[in-house]
Amino acid sequence: MTREGILFVISAPSGTGKTSLCKEIVDIFPALRHSVSYTTRPMRTGEKDGADYHFVSSEKFAAMVEAGAFVEWAEVHGNRYGTALATLEQARVAGTDILLDIDCQGAAQLKASSAQAVFIFVLPPSLEELERRLRGRNTDHPEVIARRINNARDELSQAHWYDYLVVNDDFFQARDLLRAIILAESCRTTRLADVIGSVLNVD
Ligand code: ADP
Ligand code: 5GP
């Protein structure tokens, strides 16, 4: 049974738990590839170049923009992030499902393009809890955390146009909701048009 790969786009205010949820989801669905973005942000402790992001200089990023290498890109919290056209093209040719963890500006660019994608927005249970998580993660300076909290309000105002909303209050419940969305999307009749014919042809 074959079908075309699905492009899943997940956005959430920084600190909501999107990275942790995406890691779980990729473990649950080994065939689902996590798209590795390019960024000018400095590498955090524990991150690996080529696995978490492709960490590049501002000059290299600008050259890639100039060359039309990105299907979407945006400046987020003072750094630039982008999804390479080549990453999506490889997934499309291979028929692989791919998960993009990108901000609302990038998601809006994809929504406006001809790309067919499933858009999922993950919300924190409250802004107070979001701040607790950002502080608890212990990876960003206080001024960076303050900027991320400020941006969260703007990002939440974009949530209404996404296809699905998932509140990450209880982590495992949020993970199960994401799993359910991915499974349901893979069963859409439009994606499985060949199945009915193949069943009817069985002896
Ligand atoms: P994001 O990728 O959205 O910026 P992270 O995945 O880095 O967020 O999570 C931010 C922090 O919140 C991490 O310390 C993570 O362990 C924690 N976290 C994630 N989900 C939950 C949850 N449901 N309840 C409590 N803490 C959580
Ligand atoms: P972080 O620095 O915490 O890893 O990510 C900050 C924000 O950048 C997150 O909202 C994340 O989803 C977003 N982001 C990561 N990669 C991309 C990308 O390729 N494009 C866009 N538009 N945003 C991205």
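Helix 1 provides the largest share of the shell around ligand 1, namely three residues. The structure discussed in this report is a predicted model. The report begins with ligand 1, continues with ligand 2, and ends with the pockets.

**Ligand 1**

Around ligand 1 there are 13 residues, and those that come nearest are Gly15, Lys18, Thr19, Ser20 and Arg137. Two helices, helix 1 and helix 5, each supply at least two residues of this shell. When the shell is sorted by class, two residues are nonpolar, seven are polar and four are charged.

Several polar atoms of the protein lie beside oxygen atoms of ligand 1. The backbone takes part through Thr16, which has an N or O atom 3.3 Å from an oxygen atom of the ligand. Gly17 likewise places a polar backbone atom 2.9 Å from an oxygen atom of ligand 1. Arg137 takes part through its side chain, where a polar atom lies 2.7 Å from an oxygen atom of ligand 1. Taken alone, ligand 1 exposes 580 Å², of which the protein buries 74%.

**Ligand 2**

The surroundings of ligand 2 consist of 17 residues, the closest being Lys18, Ser37, Arg41, Tyr53 and Tyr81. Lys18 is thus listed among the closest residues for ligand 2, and Lys18 is also listed among the nearest for ligand 1. Strand 5 (70-76) and strand 6 (79-84) each contribute at least two residues to the shell around ligand 2. The classes in this shell are six nonpolar, four polar and seven charged residues.

Side chains lie beside the oxygen atoms of ligand 2 as well. A polar side-chain atom of Lys18 is 2.5 Å from an oxygen atom of this ligand. For Tyr53, a polar side-chain atom lies 2.6 Å from an oxygen atom of ligand 2. In the side chain of Ser37, an N or O atom is found 2.7 Å from an oxygen atom of ligand 2. On its own, ligand 2 has 510 Å² of accessible area, and the protein covers 96% of it.

**The largest pocket**

Where do the ligands sit? Ligand 1 is located in the largest pocket, and ligand 2 sits in the largest pocket too. Of the residues that line this pocket, Lys18, Thr19, Arg44, Tyr53 and Asp101 lie nearest its centre. Two of these names have already appeared in the polar contacts of ligand 2: Lys18 and Tyr53.

Helix 1 (18-28), strand 5, strand 6, helix 5 (127-137) and helix 6 (142-156) each give at least two residues to the lining of the largest pocket. Among the contributors, helix 1 has the largest share, with seven residues. The lining comprises ten nonpolar, 14 polar and 14 charged residues.

**The second largest pocket**

Gly5, Leu7, Ala115, Gln116 and Ala117 are the lining residues nearest the centre of the second largest pocket. Two or more residues of its lining come from each of helix 3 (85-94), strand 8 (118-123) and helix 8 (193-200). Which element gives the most to the lining of the second largest pocket? Helix 3 does, with five residues. By class, this lining has 15 nonpolar, six polar and nine charged residues.

The table places the two pockets side by side.

| Pocket | Volume | Lining |
|---|---|---|
| Largest pocket | about 920 Å³ | 38 residues |
| Second largest pocket | about 750 Å³ | 30 residues |

In summary, helix 1 supplies the largest share of the shell around ligand 1 and also the largest share of the lining of the largest pocket. Strand 5 and strand 6 each supply at least two residues of the shell around ligand 2, and each also supplies at least two residues of the lining of the largest pocket.

Technical notes. Residues numbered from 1 in each chain as written. Chains lettered and ligands numbered in written order. Predicted model: local features only at pLDDT ≥ 70, side-chain atom pairs only at ≥ 80, totals over all residues. Heavy atoms only, no water. Near = heavy atom within 4 Å. Polar contact = N/O pair within 3.5 Å; in protein donor to acceptor, adjacent residues only side chain to side chain. Areas by Shrake-Rupley, 256 points an atom, 1.4 Å probe, with all protein chains shown as cover. 1 Å grid on protein atoms, 1.4 Å probe; cavity = no way out; pocket = protein on both sides within 12 Å on 5 of 7 lines; lining within 4 Å. Sits in = over half its atoms within 2 Å of the grid points. Helix = DSSP H or I, 4+ residues; strand = E, 2+ residues; numbered from the N terminus. Nonpolar A, V, L, I, M, F, W, Y, C, P; charged D, E, K, R; others polar. Points joined across faces, edges and corners; volume = space filled by probe spheres on them.
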